[in-house]
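Please open the structure in your viewer and keep the selection tool at hand. We will begin with the whole chain and then move on to smaller selections.

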Amino acid sequence: MRLNIFELSEKPAFFEKAVHYFWSCWGNEGNFIFYQDCMRHSMNAENLLPKFYILLDHEKIIASYALLTNDIISRQDLMPWFACLFVNKDHRKKGIAAELLRHGLQQAKLKGFDHLYLSSDLVGFYEKNGWKHIAEGYNVFGGEIKIYAKKII
């Protein structure tokens, strides 16, 4: 399968579909406007961040990720953040998530960054893909979450 990964501002016709996709993967009934507003302000091509990426298969969004200035956790001194990685269940176990990680690293490098960070409670996946657990951070509710980094080469 050829992966067609696009930065959302390259595909403005997909804006509404993308907002619904990210929100359905990560949001809740009270924060649709959060995703819509954040993604609307990501559409300016002159801004380095935030950027939202979609993977299309025959005009259908099947996976996503974002590069953000923060991942709404305590470590505001680190950036950019790789976030919102999601692959539809019927497309998992095909290497798509690993390819999206590689794409994110490539995009961060093109934007001039030398490290990329992410936070996750997923065990093993990011380590298997070369990410290093560097610290613990805290979400806005006080919960602890692992922070990973990868040097961009």
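**The whole chain**

With the whole chain selected and its surface shown, the accessible surface comes to about 8600 Å², of which 54% belongs to carbon and sulfur atoms; such areas come from the Shrake-Rupley method with a 1.4 Å probe, and for residues only the protein chains shown count as cover. This is a predicted model, in which local features need pLDDT of at least 70 and side-chain atom pairs count only at pLDDT 80 or more, while totals for chains, interfaces and linings use all residues. Residues are numbered from 1 along each chain as its sequence is written, and side-chain values use heavy atoms, with hydrogens and water left out.

Switch to a cartoon view, where the chain shows four helices and seven strands (DSSP runs numbered from the N terminus, H or I of at least four residues for helices and E of at least two for strands).

**Helix α2**

Next, select residues 32-40, which form helix α2, and look for Tyr35, Gln36 and Met39, which are buried (under 20% relative accessible area, with exposed over 50% and partly exposed in between, for a 1.4 Å probe and protein chains only). Seen down the axis of α2, the buried residues fall within an arc of 95°, so they line one face of the helix; the arc is that of the directions from the helix axis to the C-beta atoms.

**The cysteines**

Finally, select Cys25 and Cys38: how many disulfides does the structure hold? It holds zero, a disulfide being a pair of cysteine sulfur atoms within 2.5 Å. The closest cysteine sulfur to that of Cys25 is in Cys84, 8.7 Å away and too far for a bond, and for Cys38 the closest is also in Cys84, at 8.2 Å.
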